[in-house]
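Biologist: Please take a close look at the largest cavity for me, and begin with the helices and strands that each supply at least two residues of its lining.

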Amino acid sequence: MNDNILDIENLHVKFKTFDGLFSAVRNVSLSIGYDESIGIIGESGCGKSTLSFSIMHYLAQNASVEGSIRFKGEDLLLKSEREMEKYRGDRIAMVFQNPYSSLNPALTIGFQLDEVGMHHQKLNKKEAREATIAALRLMNLGDPKSIARRYPHQVSGGIQQRICIAMAILCKPDLMILDEPTTALDVTTEAVILDSIKDLREKLKMSLMYISHDMGVINKVAEHVVVMYNGEIVERGPKQQIFEHPLHPYTRALINCMPRGSVVKEKTKLNTIDGYVKMRGAEETGCPFADRCDKRTDTCELSYGIREVSDRHWAACDRAYATDIPDSTAVKLIPKKREDVHGPLQPKELLKIDGLQKIYGNRRKVHAVNGIDFSVQSGSVIGIVGESGCGKSTTGHMVSGLHVPTEGRILFDGTDITVGWRKRSKETLKNIQLIFQNPGRSLNPSHTVEQIIARPMKRLAHIDDRGKRRTMIIDMLKKVDLGKEYLSKKPRQLSGGEQQRVAIARALSISPELIVCDEPTSALDVSVQASVLNLLNDLQVETQVAYMFISHDLNVINYLSDHIMVMYAGKICEYGKRDEVMAPPFHPYTEALLSAVPEVDPTKQRTAIALGGQLPDPTKKPKGCPFAGRCHRQVGEICAREYPPMVRISDTHYYHCHIDPTDA
């Protein structure tokens, strides 16, 4: 029997468009063994998803495919659509990046999951529902019976993605393909899902293809790493070898872009990759990375081509550490300091939150935020971190006026603004801006970039002169590394990173005092994320704007923040300066969050603290500590009976817990 469950040989995928014939996957050959896992890494547009779609026969009609894809010895490219029905889901399952397109909005979650069990596992209705509840419980979802009765739009994006993974697990496939399924999830959920996938793979002897742009995630689930760029495999090999000694300049640049725990904004800028992934014509040859590579020479093209450089390590280029050209990554990019630009800082209390609460619904009340107090200083960054449903986005939306608090007060520069945005003054609307997680959905698709940025300038800043507005917009585009040629472009003509830069330019165009950033980098490639984080830091130094930066990525929070606020079930667990919260963490939940952060270096993998129990039911206000049901360091019955007291470590650092401070 063949040692491999999947063999791909000389795969070419081309798309016929109005602009010509473009190559999405070019001459790709790889194998996956039985009970083996590989990780495919690269930026958006590198052909990772197209490769997976080719395996599943999910390509559009304008695609042409050459080569072979053999699954257990049978060539899938020769199969008809009817024959492929026997393979999809049952033998090869796929989890997509976007759960919105995977779930039927007109059917309940339970019905859709039951259908999988009945169709693929031939279960009866009762057995299918039991399997559905078990799969949802495996995904660490609180009250799975209630979730099974809901429709997709009634749960968060993170929960939707966990439902899609549960759907794939119900099929018990031989090969599972996961296309960036944890990109939008928080680290604890991600750790649970990755551990569940690993356990399931070992139990069912299942093979795995995991697609991601995050090397840390790949390290957790994959044994071998395949690096793709512009449709080609540029390097592949064992993950430790790829990390410790990458040979292709792109592999090294990609790893260097990722924020680490020790990298902070005051010491260095993040490394970035100049340029972007361009569409490649079918007739173009040579190194696809040459136009972005700082190690290129005139003789590069002569020796370019995939070859085995050591045992199981293949690379198309070996110039990652070439010494004939100075190494740009060896030069530390020192950021500007606020003191150097504006002189000694005199911070003032810009935003004060007092007893803020938000309850949704009338009959069945959902307690989203349960009475929190904090403040934001002018010119500073507060990072808000926590799992999906902890209330961090709701807090940001109340500050920006999208939601009206149920109780509590919001004071901005001494003025009470505890009302919706429609009742706020234009001056307040101008001074508090919001950057959303998904730039594609927050930018008007029918407007040009110039119209998008000009709208708040005209309506809130009263800049009525069109010529003056255009000059200011061009200047702002330059600050976010976009040229004036973008003025006439519409959002659909921009990449995700470019869309987010336009969203940042729009927010900054009217010189606000506070920007609420709601996970603005979570859906971006690591190279684009690094560029956006550098940009946000530089613009803050220049303008002295304050950020409320909401994220589930602790490495990003650690890099950008001055203060960190950890939230759980609508409450603040821990608050303090960045270094006070990150090392060492005092609250057990902060400790669990930090243990679950994927590590870029495969030799430094942490053991994630397994959180027992389920997330608390948001429809029931907890009496004691909201984290008590999952805490790995419970003191006793007091945890479930009484809300924990505030333990103050310093003037700037406190946490809420029953654990004795001397034992923390």
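Modeller: Four helices, α7 (187-204), α8 (215-221), α19 (526-543) and α20 (554-560), together with the strand β8 (207-212), each supply at least two residues of the lining of the largest cavity; helices (H or I, at least four residues) and strands (E, at least two) are DSSP runs numbered from the N terminus. This is a predicted model, in which local features need pLDDT of at least 70 and side-chain atom pairs count only at pLDDT 80 or more, while totals for chains, interfaces and linings use all residues. Residues are numbered from 1 along each chain as its sequence is written, and side-chain values use heavy atoms, with hydrogens and water left out.

A cavity here is a set of points, on a 1 Å grid over the protein atoms alone, where a 1.4 Å probe fits but cannot get out, and its lining residues have an atom within 4 Å of a point. The largest cavity holds about 390 Å³ of space, a volume being the space filled by probe spheres set on the points, which are joined across faces, edges and corners. Its lining numbers 28 residues, and those nearest the centre are Glu190, Asp214, Val217, Gln529 and Asp553. The largest share of this lining, three residues, is supplied by β8. By residue class, the lining of the largest cavity divides into 13 nonpolar, eleven polar and four charged residues, where Ala, Val, Leu, Ile, Met, Phe, Trp, Tyr, Cys and Pro count as nonpolar, Asp, Glu, Lys and Arg as charged, and the others, Gly among them, as polar.

To set this cavity in context, the count under the same rule comes to three cavities of 30 Å³ or more. The second largest cavity contains about 70 Å³ of space and is lined by 15 residues, with Cys625, Cys631, Cys639, Cys657 and His658 lying nearest its centre. The lining of that second largest cavity consists of ten nonpolar, four polar and one charged residue.

An open space can be described alongside these, namely the second largest pocket, which encloses about 760 Å³; a pocket is an open set with protein on both sides within 12 Å along at least five of seven lines. Its lining has 20 residues, and Trp421, Gln433, Arg455, Pro456 and Leu460 lie nearest the centre of this pocket. Eleven nonpolar, five polar and four charged residues make up that lining, and α16 gives the largest share, four residues.
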